[in-house]
Amino acid sequence: MVAEEIDPRSRLRRWVDNNVPTRESIESNRWLKPLAHRLLHSSLWRFNRRSVPRGVALGMVTGILVPMGQIPASALLALPLRANIPAAAATTFFTNPLTTPPLWLFAYWVGSMMLGQGAGGSGRPPVEGQGWFDWLFNDAGPALLLGLVTVTAVLTVLGYFVTRLAWRWWIASKWKKRALARAEKA
């Protein structure tokens with residue numbers, strides 16, 4: 001028996017078709033019914049040069065700053081921002097159990113440097129009688145929060161412009177292929 005090779009893209013497409021909720025399931029969901037007419041607007045699901053970079057930027061913000069419920073938060077914030085919901089939801093996966101600890105350590109380092117505390121923060125680990133929560137909120141918290149906001153701002157702007165450039169490159173390559181195909185026909 002010959003093993004049949006399956007294109008990974010077709011396998012991904014089949015998985016997406018089977019697991020992504022349909023328009024009808026979203027419309028009939030009792031929790032989403034009040035927002036369904038707005039949530040299902042075609043501009044939020046269409047991939048174009050304006051909505052996808054907005055979705056990537058929004059996904060960066062919600063992925064880093066919203067600790068839980070990142071995908072619902074990005075979907076709700078996509079409504080007024082007219083951002084692409086799938087791009088926003090997919091970009092929230094930038095933060096995951098593997099990337100979050102290094103991201104938070106880097107954010108703490110950035111915040112410490114910005115507050116003038118040096119690379120080691122305040123340099124004071126919790127002392128006897130001081131609880132971890134007290135240390136976190138009084139000593140480490142301000143540096144971490146400032147660092148998270150700064151890193152989020154930088155990654156959001158970077159994600160937005162990289163996505164715009166990638167979109168532009170992709171469209172230019174499509175135009176080039178189309179022009180080559182026309183030249184071969186002529």
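## Order of elements

From the N terminus on, the elements of this chain run α-α-α-α-α-α-α-α. The secondary structure comes to eight helices and zero strands; helices (H or I, at least four residues) and strands (E, at least two) are DSSP runs, numbered from the N terminus. The model is predicted: local features need pLDDT of at least 70, side-chain atom pairs count only at pLDDT 80 or more, and totals for chains, interfaces and linings use all residues. Residues are numbered from 1 along each chain as its sequence is written, and side-chain values use heavy atoms, with hydrogens and water left out.

## The chain as a whole

Of the 186 residues in the chain, 30% are buried. Buried means under 20% relative accessible area, exposed means over 50%, and partly exposed lies in between (1.4 Å probe, protein chains only). The chain exposes about 13500 Å², and carbon and sulfur atoms supply 67% of this area. Accessible areas come from the Shrake-Rupley method with a 1.4 Å probe; for residues, only the protein chains shown count as cover.

Among the contacts in the chain with a separation of 6 or more, 67% are between residues 24 or more positions apart. Contact means heavy atoms within 4.5 Å.

## Helices α1 and α5

Helix α1 covers residues 8-19. The expected span of a helix is 1.5 Å times one less than its number of residues. The twelve residues of α1 should therefore span 16 Å, and the end C-alpha atoms of α1 are indeed 16 Å apart. Helix α1 is hardly covered, with zero buried residues among its twelve.

Helix α5 also has twelve residues, so its expected span is 16 Å; its end C-alpha atoms are 16 Å apart, in agreement. In α5, the residues Gln70, Ala73, Ser74, Ala75, Ala78 and Leu79 are buried. These buried residues pack against α3 (36-39), α4 and α6.

## Glutamine 70

Glutamine 70 is located in helix α5. Glutamine 70 counts as buried because its relative accessibility is 18%. Its side chain reaches the backbone oxygen of valine 66 at 3.1 Å. A polar contact is a pair of N or O atoms within 3.5 Å; within protein, one must be able to donate a hydrogen and the other to accept it, and residues adjacent in sequence count only if both atoms are side-chain atoms. Not counting residues up to four places away in sequence, glutamine 70 touches Thr62, Gly63, Thr92 and Thr95.

## Arginine 82 and serine 51

Arginine 82 follows α5 and sits in the loop between α5 (70-81) and α6 (85-91). Arginine 82 is not a glycine, yet its phi is positive, about 55 degrees. Its relative accessible area is 52%, so arginine 82 is exposed.

Arginine 82 is one of the residues in contact with serine 51. With neighbours within four places in sequence left aside, the contacts of serine 51 are Ser43, Arg46, Arg82, Ala83 and Asn84. Serine 51 lies in helix α4 (residues 51-65). Is serine 51 buried or exposed? Serine 51 counts as buried, because its relative accessibility is 2%. The side chain of serine 51 reaches the backbone oxygen of arginine 46 at 3.0 Å.

## Two residues of helix α7

Threonine 100 is in helix α7 (residues 100-114). Threonine 100 has 24% relative accessibility and therefore counts as partly exposed. Its side chain reaches the backbone oxygen of asparagine 96 at 2.9 Å. Threonine 100 and isoleucine 64 are 36 residues apart along the chain, and their C-alpha atoms are separated by 8.3 Å.

Methionine 113 is also found in α7. At 44% relative accessibility, methionine 113 counts as partly exposed. Methionine 113 and glycine 147 are 34 residues apart in sequence, and the distance from C-alpha to C-alpha is 8.9 Å.

## A nonpolar patch

Which residues form a nonpolar patch on the surface? The patch is formed by Leu65, Leu145 and Val149, with about 270 Å² of accessible area together. Patches are made of residues with over 30% relative accessible area and no salt bridge: like charges are joined within 9 Å, nonpolar side chains (Val, Leu, Ile, Met, Phe, Trp, Tyr) within 5 Å. A salt bridge is a side-chain nitrogen of Lys or Arg within 4 Å of a carboxyl oxygen of Asp or Glu.

Valine 149 lies in helix α8 (residues 132-185). Valine 149 is partly exposed because its relative accessible area is 44%.
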